[in-house]
Amino acid sequence: MSLFPVVGRKQPRLRVAWWVIVALLCLGIFMHLIPFFIMISTSFKPASEAMAMPPTLFPREPTLAGWELAFNMTASARSLISQPLSQYFINSVIMTVGTLLLSIPITSMSAYACSKLLKGRSARYWFFFFIGTLMLPGIVTLIPSYLLTRNFPFPLPVAPTIPGTETPFPTIRIWNTFWAVILPAGFSAGNFLLFKGFFDSIPDSIINAARVDGGSEFNIFRRIVLPMSVPVFAVTIYFQFSGTWESYLWPLVVIQDSSIAPLTLAVRRLVDAFTYAGTTNAQTALGQSANVSNLVNQGLSWNGLMVLGLLQAIPVFLFFIVVREYLLKGVRIQGLK
Amino acid sequence: MSSVQLENVVKYYDSALLPGAAPALDHITLEIRDGETVSVVGPSGCGKSTLLKTIAGLERPDAGRIFYNQTEVTQIPTQERGIGMIFQDYALYPNREGQGNLSYYFEVRKKTEEEKQQRLKETAEMMGIGFDLLLSRQVDTLSGGERQRVGIARCIVRDPNVFLMDEPISNLDAKLRERTRVEMRRLLSKFGITTLYVTHDQQEAIFMGDRIIVMRAGRVEQFDSFDALYYTPANLFVASLIGTPPISVLPAERDGLTLRLHSGDSWTLPEALAHTLPPGRLRLAVRPEGWLVALQPGDGLALNVTHIERLYTERAAFAHGQLGGAAINALVPLDFPDTRQVFLQPDWERSYVFHADNESALHVPGVPDLF
Amino acid sequence: MAAQAEVLDAPSAQSSVPSEVKARRRWQLALFIVPAFLFQFFWGWYPMLVALFLSMTDAPIRGALTWQGLNNYNRLLLDPLVPMAFRITLIYAGLSILLTFAIPIFVSILLMEMPPNVMRVMMILWFLPLSGIASTLFWQYLYNEQFGLFQWIATAVLGLPPQSFLSSQNWVLLWLILPSILLYGPGLYYLTGLQSIPRSYYEAAEIEGAGFWRKIWTISLPRLRPIIAMTLLFAIIGSLQEFTFPDLMTRGGPNGASRTVVMYIMNILNNARYGDATALAVMLFALIMVATLIYRIVFKADPDQ
């Protein structure tokens, strides 16, 4: 409401310009909503219609076959992804909830310490320590982190031997467990930045008043600061949630068993089956395309994949709707220096 | 209730560890008597808030010791000092309603519900009519004045040893400020709690404080009653800070009985005064009421009047002008005629003389015996 | 200076500290900082530093490490697929920033023009997140050469010969980037930034006679500058490490025409060549640091600082 003059809005020129902007925004929204529409629409089509040319806008014969089949994976589908879909969904939930429970308290408390407990030079050093990795490309840590999950605390393929003996150092192996996804996400530099920006905007005097009242630092954080900071918690939980729910590269590296694989990896398996059948070696390719045609005969094609996509999309989507009121209130960063 | 003593307290801020940086508090030694209200006044950045926070235990002194009632509290955390503090921005807990703000103290101390209710009731009685209504309201629905009332109640409810107030009313509008400070004075004299009151407004400091601490650049310049500060300032800084309109300062030079201004004009000093002053450069300072104003040239020097400010409510007027390069304001009767020129001479009994360089007082009028 | 020396000489106050008070203060601070320190150290700085070391060893699956010096790097530089991956990564990052970065900024500026209630609704719809994984499914469906919507548009609507889309070696990158125009950008940050601009700035500009574009150019954008600087930096760092979307869409094909550096790292990693994979990651790290540095220098020319 600030780019257009308040007085003289009725001028035809300004009126037209304003409506052009409204139209542009609506067009953008329309285009943004197309994927949701097509995915939902396709998920209700029968298998053959989902692969028909020309594509149909609405399912001609709406059916729940895609949904049913996707949930009751048949034997031939099992050869593509070995677990029932619900298992992948549950795995994703476990990883996401675990990450949230670990990372949000740890990150918020360290940001609070940097904002309100530490002063002067030490606050700056700690800030750099926590924020530094955000400015550096994370890819370089991929392989050492992967090796860490295998031989913690040695980021090496094999643990070194204890000097003078043949026995290797004892190591902790979290690779191929849920912990391999949850633990490395225990601290999030991006969320640290959001928390710090928000806590910085809380006046020191409130914290001081609580200290005078006799609260310990932790009590102040829990009883005074936490209730004031619901918006930033909403935003960071949302970011952490969608980040973990959508994570793909890291689970690909550290999760091998499909019984604990998240939904994203299941999507990859199925997409592979449908689109790359034939790109790897001829033997498996043949088997896979046979499986695929089998599936299509049973009524599962892209309609089922869209169900999978929707299952992946809906939690993030719902979460966004829930926290929408807090989104604008929770972000209070003014950029990095 | 207790007295507060500071012994050589020094406080540096982190950034001030660079060589040559000035301390925020520079060897402060003072004693606040039991039950006394003391105002702290000074320009912004003089360390008055730091002084308050150090006494509160929110800042740790780098050196020196702090006593409450002869007991050392230097290393005791704020939580255990039993103080009450009021903040400029009220610092109410925004997610709690009025009562929740008062009860946090009892929650963290695991006090019984009866004790809490008892204290709440007593506090509400002390705070006066209509206060109960504030307790059930959310903080963000309260006006500035109401918030500060809750803030004050939050302090009273714990029956503190020491009351610390950091510019508590400077965020209120002028009218409310007047009312609140009367109200606070009433409460303070009722409790007789030792109080430290920080403000940048000298009027407020005078009104609130039994005694006043004047601070500059981390040092206490003078700590005394208002009369003492007004009539016997330790230096030019104190003299110019206290009093409205401010004291007029004229750089001058004494030569025998002649006091010559930079403009070349001169007055003749009374002999008794002249003998107490060193020869050479000086600073003469005269308060508005310390001028002898005449319409006819006599012994006085001509002052070109820029305007006459008539304060009808105060039944007084001030003539403003320039003399010898210094701004002058002189008290005149309200019915003083509009004129372009008056003739001025200091009433030597009521004028101040300061050292030209270190600005310490050479001659002050002294507290008058009124009765 | 005398006073300062006295302070540093630990005066009486310091020595008379009750030790339990000090310990409690430390303990409270530790409660807040130590867990985050451990995680940030073990999963942040530690692997980052170790990467440099690892990239100069062979890091075999079994047996002892042997020091390789720069051998890994030499071998990678001789691998023709490495420069190709870097070229593709640069094109991908450049194109995607060029095509997509500015859109959320202007959308946010325009959204602020709507009446508050309309704005809230529009904001939610604009920034409604579509899961990245789900969107790969969707776009693959649309790009399908036999029955995709785009093929239908190309052949039936525009009357073109059948297109190869994602299997076209020349165009695959463009097809990969186009969908991200609709993806959720950091619009939220811009909106909060715009919200904090005082109304009076615009009113002052209006009195000066500034029009629509002029207000955007002289008030909105300069005020957003610190936020834009930050999001752009993250966009550069992020897009040079792109993996998920191209991997799910094309698997790097056709013939490696969409294989970014990170995808190539994953290929090497799958062959358990840890040393080589880390060395390539370090090379990408270096490239990103250079890009960041250039960006910093360009953005330093800030009139406000």
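This is a short tour of a predicted model, moving from the domains of chain C to a pair of its helices and then to the contact between chains A and B.

Begin by selecting chain C and colouring its two assigned stretches, since the domain assignment gives domain 1 as residues 13–54 and domain 2 as residues 71–300. If you mark the centre of each domain of chain C, taken over C-alpha atoms, you will find that 37 Å separate domain 1 from domain 2.

Next, stay in chain C and select helix H12, residues 199–207, together with helix H13, residues 212–239, which pack with their axes 11 Å apart and at an angle of about 140°. Angles over 145 degrees would count as roughly antiparallel and those from 65 to 115 as roughly perpendicular, and H12(C) and H13(C) are therefore oblique to each other. As you turn the view, note that the crossing of these two helices, H12(C) and H13(C), is right-handed.

Now show the side chains where the two helices meet: Tyr201(C), Tyr202(C) and Ala205(C) come from H12(C), while Lys215(C), Thr218(C) and Ile219(C) come from H13(C). Sorted by class, this contact of H12(C) with H13(C) has four nonpolar residues, one polar residue and one charged residue.

Finally, move to chains A and B, whose contact takes 18 residues from chain A and 19 residues from chain B. On the side of chain B that touches chain A, select strand E6 (83–86) and helix H2 (98–108) of chain B, the elements that give two or more residues to that side. By class, the side of chain B that touches chain A has 11 nonpolar, five polar and three charged residues.

Terms used:
Residues are numbered from 1 along each chain as its sequence is written. Chains are lettered from A and ligands numbered from 1 in the order in which they are written. This is a predicted model: local features need pLDDT of at least 70, side-chain atom pairs count only at pLDDT 80 or more; totals for chains, interfaces and linings use all residues. Axes are lines fitted to C-alpha atoms, for helices over the stretch in contact, and angles run from 0 to 180 degrees between N-to-C directions. Helices (H or I, at least four residues) and strands (E, at least two) are DSSP runs, numbered from the N terminus. Angles under 35 degrees count as roughly parallel, over 145 as roughly antiparallel, 65 to 115 as roughly perpendicular and the rest as oblique. A crossing is left-handed if the near helix is turned anticlockwise from the far one by less than a right angle, and right-handed if clockwise. Two residues are in contact if their C-beta atoms, placed from the backbone, lie within 7 Å. Ala, Val, Leu, Ile, Met, Phe, Trp, Tyr, Cys and Pro count as nonpolar, Asp, Glu, Lys and Arg as charged, and the others, Gly among them, as polar. Domain bounds come from an automatic or database domain assignment.
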